[in-house]
Amino acid sequence: MRARTVRKFAAVLCTAALAAGALAPAAGAREPGGGDAIPRLTDDRGRVLTLRGWNVEDKANRGAEALSAITEKHFRDLNARGFGFARLLVFWDDLEPRRGRYSAAYLRKIERILDWAAKYDVQVLIDAHQDVFGPAFGHRGIPEWATRTDGLPFTPNPDDWFSEYFQPAVQRAFTHLYEDPDLQRAQAAMWRVLAARFGDHPAVLGYDLINEPMGELGPGEDLATAARRIEREQITPMHNRLADAVRAVDRDNWVFVEPTPIVGEGVPTGLGRIDDPKVVYAPHFYNGAMEAGADYDPAAGWIEAYEEAVTAYPREHRVPVVVGEWGPLNNELPNMGRFYREALASMHRYSSGWAGYVWCYGGGYCAVDAAGGFRTNKEQTASPYARAVAGRVRAESYDPRTRAFRLSYVASGRGVTELSLPSRARDWRVRVTGAAWVRGGRIWARAGARVSVTVAPVGAGR
């Protein structure tokens, strides 16, 4: 969402969450699998994956300068900090500035970025990004030639750009995108171009079909009701169309699907089943009050409400979860240290990973400052974890006080378990028990062996 969103918007959504009964207690620990546990993301060898990383973007430049703000340094630094995942923002308006004319230069720039990611062992999710629909409204995303407003009004609000989603022209543009057959075909064709070009690239993990889809409120509808209807009747069919388009050229990579950003307030989604064997549910994790500048309020129960609501869809449809964006604008307020601890613990309980917003060098939402040091509280995002587990995970935990990571699994004998460490390997002590051996953060184990792993900072506990 990433805006100075109006407090009225936050209040409306919080009221809707309470009305939906979403403030139930959150689960206490990651479930070991089976029963109604949320499935984990896996790779082609069946290894259980955990994604930890950041969004990587260039919203400022377009045309000949598009993507120029993204450099090799981004991926080198992600790798050095122990992050192995990036959600790369790409824009349809740059890819297809004129209908049917795809930019070869833009595709080459995406490929160069993917080459950097592969060099530094970072897996990439290609995200078809939009903010407030696209350039027709002063933002990025859907091309102007694909924007139809029926002459309805649009009034910019630069002090609160997220409120522009509720302008009549923007809402009508979404309706046409979802319902006009020629725009449906154009959007699908755009995805076939991307998936055909990059489906075999070693860095590519999957495709996020559209960022933060929104829609048009009906007469008398409140926001939560409208969001569920739009998700059910318009976004679900769109996701199915686009998944089919991807599968026409790529049978292997994952398809990530998003609900509206309204789920950020703990409102259950109306999204329906996506008929594809490799679907990931990819909600965002933003709170309206915090986006408007408020501090984290632990007593409000927002994280608990969000977790309770956001886990319903993946349980019902048996799909893994990866949180595609999260992180407050002002991370230096008094309660933000607690927010990061509680948010990370919550996502660990139900998700296969996350991408923070955003890996850049400066202020605002940036993860690190101009010198490359973590900004206040964001250092909590860097911790040891198991990037890939070759076997069935029995238990997994991280203690932020001691910085100790523990993993227990039954080895499959297929592939190698990979640990990710947030600095030099020699700064960490890795201990393994069971019929297994470790070298440089990689663990080999005999099939069927029960393996226990402990990772702690060198010198801890002495």
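**Helix pairs, a sheet and a pocket**

Okay, let's start with two helices: helix 9 goes past helix 11 in a right-handed crossing. Before I go on, keep in mind that this is a predicted model.

So, that pair. Helix 9 covers residues 302-310 and helix 11 covers residues 336-350. They pack at an angle of about 15°, and their axes are 11 Å apart. Angles under 35 degrees count as roughly parallel, so that's what we call helix 9 and helix 11.

There's another pair to put beside it. Helix 4, residues 104-119, packs against helix 6, residues 181-198, at an angle of about 45°. The axes of helix 4 and helix 6 are 11 Å apart. And how do helix 4 and helix 6 lie to each other? With that angle, they're oblique, therefore not in the roughly parallel class. The crossing of helix 4 past helix 6 is right-handed.

Hang on to helix 4, since it comes up again in the pocket. The largest pocket has a volume of about 590 Å³. Its lining is made up of 25 residues, and the ones nearest the centre are D43, D44, Q123, P202 and V204. Which elements give two or more residues to that lining? Those are helix 4, strand 5 (204-208) and strand 11 (385-389). For anyone thinking about chemistry, the lining splits into ten nonpolar, five polar and ten charged residues.

Strand 11 also takes us to the sheet. It's an open one with five strands, in the order 1-11-14-17-16, and the pairing is antiparallel. At the edges you'll find strand 1 (48-49) and strand 16 (436-439), each pairing on one side only. Further in, strand 14 (residues 417-420) and strand 17 (residues 442-445) are antiparallel, joined by two bridges. If you want a spot to click on, T417 stands opposite I443 in strand 17.

Last bit: backbone oddities. As background, most residues other than glycine have a negative phi, and most peptide bonds are trans. Against that, where does this model do something else? Well, E212 isn't a glycine, yet its phi is positive, about 40°. E212 sits in the loop between strand 5 and helix 7 (223-247). Then there's the peptide bond from Y357 to V358, which is cis, with omega near 10°. V358 is in the loop between strand 10 (353-356) and strand 11.

That's my tour, thanks.

Key
Residues are numbered from 1 along each chain as its sequence is written. This is a predicted model: local features need pLDDT of at least 70, side-chain atom pairs count only at pLDDT 80 or more; totals for chains, interfaces and linings use all residues. Side-chain values use heavy atoms; hydrogens and water are left out. Two strands pair if DSSP finds at least two bridges between them. Helices (H or I, at least four residues) and strands (E, at least two) are DSSP runs, numbered from the N terminus. On a 1 Å grid over the protein atoms alone, a cavity is a set of points where a 1.4 Å probe fits but cannot get out, and a pocket is an open set with protein on both sides within 12 Å along at least five of seven lines; lining residues have an atom within 4 Å of a point. Grid points are joined across faces, edges and corners, and a volume is the space filled by probe spheres set on the points. Ala, Val, Leu, Ile, Met, Phe, Trp, Tyr, Cys and Pro count as nonpolar, Asp, Glu, Lys and Arg as charged, and the others, Gly among them, as polar. Axes are lines fitted to C-alpha atoms, for helices over the stretch in contact, and angles run from 0 to 180 degrees between N-to-C directions. Angles under 35 degrees count as roughly parallel, over 145 as roughly antiparallel, 65 to 115 as roughly perpendicular and the rest as oblique. A crossing is left-handed if the near helix is turned anticlockwise from the far one by less than a right angle, and right-handed if clockwise.
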